[in-house]
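Me: I am new to this structure and should like the terms used for it explained. Please set each value against its definition.

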Amino acid sequence: MTTQLSHAAARATADFDHTVERLCGYLRHPAISCDPAHRADIDTLAAVIAADLTKLGLTRSRVLTLDKALPLVAAEWTGAGPDKPTVLIYGHLDLQPVQGEPWTMPPHEPTRKGDRLYARGAADDMGGWVSHLGAIDAWLQETGSLPCNVRLIIESEEEIGSPNLERYMDAYPDAFAADAMILTDCENPSTDLPGLTVSLRGLFELEVKCEALSADGHSGLWGNMVPDVATALVTLLARLVDRDGRLTVARVDVPEGRRAAAARVPISAETIRKGAHLLPGVEPLPERGTSAGEWLWLQPAVTIVCTTLPTRERKKNALRSSASATLSLRLGPGQRAEDVKAAVTALLTSDVPQGVKVSVTQEKPAGEGWYYEPKGPAFEAADRAYLASWGAKMVRVGVGGSIPFVALFGERFGDLPLILNGVMDPESTAHGPDESMHLGVFQKAILANVHLLWELAQPGILR
Ligand SMILES: [Zn+2]
């Protein structure tokens, strides 16, 4: 290890508490993007961050704005010169709301307890990008420079689906120009194993509607001789899943390499139990020869998200005229919504129970899934950086959900190395009560980032 790198690494370690303090300062701003009442908190935090980045030694630190959009903080350091590569670091400053959640501590006043830091945004995503500030600070303080050029983008609309990020990319292309992108809003499979996110599932909705009568009818007068749309609907919906609740149609034939990579990620019953809040006595679904990682990230899944079945308030002794259910369908990465829709429609419209009329409709376009093949010298460089800090290379993981900004970066910059990492672990409960970040993970992330800037700057990696 060269002297400069070892000095920067030592400085990052020595300044760890200072970096935690910086993070705590940001976490005290309730920058909740879905609630217009917190608009001022977003603006204030964006201004604070932009000022801090200048103090850190970054240049052109500014709050970018667009009409009808929340602000975006951008900054850069180009002192390495045009011969060196430029790395873009993306994070988001906005938070999920906390209303109605059973927090046992104040969500916007960080609390250090054991080896974790609790606050909304600690892991998602302030800890993610602040881990890069820790690395940048260490390099600049120790050596007066960074190994490569750096751009920072801190968005404030991620938790509402990044509706204006593409407009920002179009309006400020210079702020996004880079040779590699590090997107820090993802998860590690454990506190000992760093994760590299390589896939997302897609998402779309179908409405299944059963109709039989032009008006509600008396169930005592007509029951047994005319259809009951409610029982017809639940009978139909039961066709969708096997006894484990998994889709009976549209399963993906996952290529062996990806299947094996997913199977290598340890996802214990305990991890699932804690992460998904299983009640005592309720077990995770059996794997049945397919790994948990494959089920979670690579196979489609169905959830019934709402129905028009009679509710307690609307209870009456009547045969209803119609009943519908909205299905939320997760798509395997690369799977086409139209194929899943065709399979589901064929299953639900043949041999229809009670002879009711069945329609299957899609109201909004699908969000496509995404799969990325991480290969080439940038990922070998990242492996070296993570090995130095974590003692382990990054394992390839997927995300079962859909992250619009990742899909967008994949679409716009998919030919560049995209390094998707973060500071979340299975106990972080992002978007839930008592969100927390493991401080050991934070420390390893900062150190990995010190190494990553160095490794990516070496000749032949990006340039
Ligand atoms: Zn996030």
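Me: What makes strand β2 (residues 72–77) largely enclosed by the rest of the structure?

Reply: Six of the six residues of β2 are buried, so the strand is largely enclosed. A residue is buried if 20 or more other C-beta atoms lie within 10 Å of its own, exposed if 12 or fewer, and partly exposed in between, with C-beta atoms placed from the backbone. L72, A74 and E76 point one way, V73, A75 and W77 the other way, and all are buried. Strands are DSSP runs of E of at least two residues, and helices are runs of H or I of at least four, numbered from the N terminus. This is a predicted model: local features need pLDDT of at least 70, side-chain atom pairs count only at pLDDT 80 or more, and totals for chains, interfaces and linings use all residues. Residues are numbered from 1 along each chain as its sequence is written.

Me: Why is L420 counted as buried?

Reply: L420 has 27 C-beta neighbours inside 10 Å, and therefore counts as buried. The place of L420 is in strand β17 (residues 418–421).

Me: Why is helix α2 called oblique to helix α4?

Reply: The axes of α2 (residues 16–27) and α4 (residues 122–143) come within 10 Å and cross at roughly 140°. That crossing makes α2 oblique to α4. Axes are lines fitted to C-alpha atoms, for helices over the stretch in contact (C-beta atoms, placed from the backbone, within 7 Å), and angles run from 0 to 180 degrees between N-to-C directions. Angles under 35 degrees count as roughly parallel, over 145 as roughly antiparallel, 65 to 115 as roughly perpendicular and the rest as oblique.
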